[in-house]
Amino acid sequence: MYLFNSRLSTFRELRQRFFVAIGLVFLVASFGTAGFMLLEGWNLTDALYMTVITLASVGFKEVNDLSVIGRMFTIILIIGGVGTVAYALTTGAKIILEGELQEIYGRRRLEKKIRELRDHYIVCGYGRMGKIICRELREKNIKFVVIEKQPDILRDSDDLLVFTGDATNDEILKELGIERAKGLVSVLPTDAENLFVVLSARGLNPKLFIVVRAGEEGSERKLVRAGADKVVSPYHIGGLRIAHTVLKPAVVDFIEFATKSGNIDLQMEEIIIKESSGLVGKSLDECGIGRELGIIIVAIKKPDGEMKFNPTFKSAIIAGDTLIALGESSKLKNLELMAS
C-alpha cells in the first residue's frame, strides 16, 4: 500500500529538523572545546575529549584537574549540552525507529506515481461504497487513486494507490492530478462534503466526468447544478431493487448475473465505436454481431446522448456510438477489438 498522510512532516521539514539537531550538537561541542581551551589553557585534543565525555555523561575522570571557574563552566556545559544531545538522539531515534524516512520516501514514490497518471479516476472516500467501487475498477484494470480522510479505514487497502487527506481541499486534488484525470467519484459520508468536492473538481477540470453519491432527497438537483454529471442515490436504488426482487425476482436475478464482476459466463458491457472501426456505417446484421459472436445488443447510445433500446438488425452503427452489449466475456473482448 502506498500511503501518504498529509499530516506527516514533509521531507524538507524532516531534513531541516535533523540538520538542526546535528547543528546544535556541533555548536555545543564547539562551545565546550573553546571554553576549556580558553579557561583552562588545554590543547585542542584534551579540550575536545573533555567536552565529549561531559556531554556523553560517561563518567570518565577529567583530563586535567579543573579550576573553580573550569568546574563552573563544566556545570553550565552539562546543563545546556546534555539536553541538546538528548534532543538530537531522540530525533535520530524517531527517524530510525518510527520509520519516518521510510514514510517520507514512500510519499515521494507515491508522488512520482501520481505524476505519471493520465486519464485516471479519483475516488473520494474509502468507506463501504468506496471499497466496492475500487474493487470493480481494479477488476477492470482501471487506473485510480483513493482519497480518504481517516487512516484507520485504510487497513485493508493493500495494493491501492492511497492518499490520506481531505478531498474538499483544492490543493490535494491538484496533487492527485485532477487536471489530467478522466473522472472523479465522490462517496463521502455527507452531501455537503460531496457538494464541496463537486464544486472544486468542476472548477479545476471542466471536462472531468463526475459521479457523486446523494444521501438525502432533494440533494440530486443541487449536486447536478454544482457540476455533477451523474448523481446516484443508494437508498433510492436499494429501495427499487428490493421492490423489484419481490415483484420481478427472475428479472433481478438475470440483471445480477449479467452485471456481476468476474462472471465468465455472461457479462454486460458498454463498447464505444471508434472512427477507425470497420463497423462504422454497417448495420447490426451486416456486422454479424449476433450471428457470429452470439452477442445481444441491448441498446445503442448515440453520440448526442439519445438511447435506442432493443435496436433492430437494420440499425446502423456510426462512430461515437456506445453499444450496450450482453454476451460471454471472451466474445465481448472480440467485439471491443472490432470496435477499436
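# Briefing: helices, a surface patch and salt bridges in one chain

In helix α2, the buried residues are Ala47, Met50, Thr51, Ile53, Thr54 and Leu55. This description concerns a predicted model. The secondary structure of the chain consists of 13 helices and eleven strands. The points below begin with the chain as a whole and then turn to particular elements and residues.

**The chain as a whole**

- The chain has 340 residues, of which 38% count as buried.
- Among contacts between residues at least 6 apart in sequence, 60% join residues that are at least 24 apart.
- The chain exposes about 20500 Å², and carbon and sulfur atoms supply 58% of that area.

**Helix α2**

- Helix α2 covers residues 44-56, which makes 13 residues.
- The expected span of a helix is 1.5 Å times one less than its number of residues, so α2 should span 18 Å. The C-alpha atoms at its two ends are 18 Å apart, in agreement with that expectation.
- An α-helix has 3.6 residues a turn, so residues three or four places apart point the same way.
- The N-terminal end of α2 is capped by Asn43, which has a side-chain oxygen 3.2 Å from the backbone nitrogen of Thr45.
- After α2 comes Ser57, and the phi angle of Ser57 is positive, near 55°.

**Helix α7 and its surroundings**

- Helix α7 has 14 residues and should span 20 Å at 1.5 Å a residue; its end C-alpha atoms are 20 Å apart, which agrees.
- The buried residues of α7 are Asp191, Asn194, Val197, Val198, Ser200, Ala201 and Arg202.
- The elements that cover these buried residues include the strands β2 (121-124), β5 (183-186) and β6 (209-213), together with the helices α6 and α8 (219-226).
- Asn169 belongs to the loop between β4 and α6 (170-175). Asn169 has a relative accessible area of 33% and is therefore partly exposed, a class that lies between the limits of 20% and 50%.
- Asn169 and Ser200 are 31 residues apart along the chain, and their C-alpha atoms are separated by 7.8 Å. Ser200 is one of the buried residues of α7.

**The nonpolar surface patch**

- Val20, Leu24, Leu27 and Tyr87 make a nonpolar surface patch of about 350 Å².
- Helix α1 (residues 11-40) gives the most to this patch, with three residues.
- Leu27 lies in helix α1. Its relative accessible area is 56%, and Leu27 counts as exposed because the class begins over 50%.

**Salt bridges**

- The structure holds six salt bridges, and three of these are described here.
- Arg135 and Glu136 meet through their side chains in a salt bridge, at 3.9 Å from N to O. Both partners count as partly exposed: Arg135 has a relative accessible area of 46%, and Glu136 has a relative accessibility of 29%.
- Glu193 and Lys149 form a salt bridge through their side chains, at 3.2 Å from N to O. Glu193 lies in helix α7 (residues 191-204) and Lys149 in the loop between β3 (144-148) and β4 (161-164), so this pair ties together parts that are 44 residues apart in sequence. Lys149 counts as partly exposed, at 45% relative accessibility.
- Asp321 and Lys302 meet in a salt bridge between their side chains, at 2.9 Å from N to O. Asp321 lies in the loop between β10 (307-309) and β11 (322-327), while Lys302 lies in the loop between β9 (296-301) and β10, so the pair ties together parts that are 19 residues apart in sequence.
- Asp321, at 0% relative accessibility, counts as buried. Lys302 is also buried, with a relative accessible area of 13%, because buried means under 20%.

**Ser283 and its contacts**

- Ser283 is placed in the loop between β8 (267-272) and α11 (284-287).
- Ser283 is buried, with a relative accessible area of 12%.
- When residues up to four places away in sequence are not counted, Ser283 touches Phe313, Lys314, Ser315 and Ala316.

How values were computed. Residues numbered from 1 in each chain as written. Predicted model: local features only at pLDDT ≥ 70, side-chain atom pairs only at ≥ 80, totals over all residues. Heavy atoms only, no water. Helix = DSSP H or I, 4+ residues; strand = E, 2+ residues; numbered from the N terminus. Buried < 20%, exposed > 50% of the residue type's maximum accessible area, 1.4 Å probe, protein only. Polar contact = N/O pair within 3.5 Å; in protein donor to acceptor, adjacent residues only side chain to side chain. Patch = residues over 30% accessible without salt bridge, like charges linked within 9 Å, V, L, I, M, F, W, Y side chains within 5 Å. Areas by Shrake-Rupley, 256 points an atom, 1.4 Å probe, with all protein chains shown as cover. Salt bridge = Lys/Arg side-chain N within 4 Å of Asp/Glu carboxyl O. Contact = heavy atoms within 4.5 Å.
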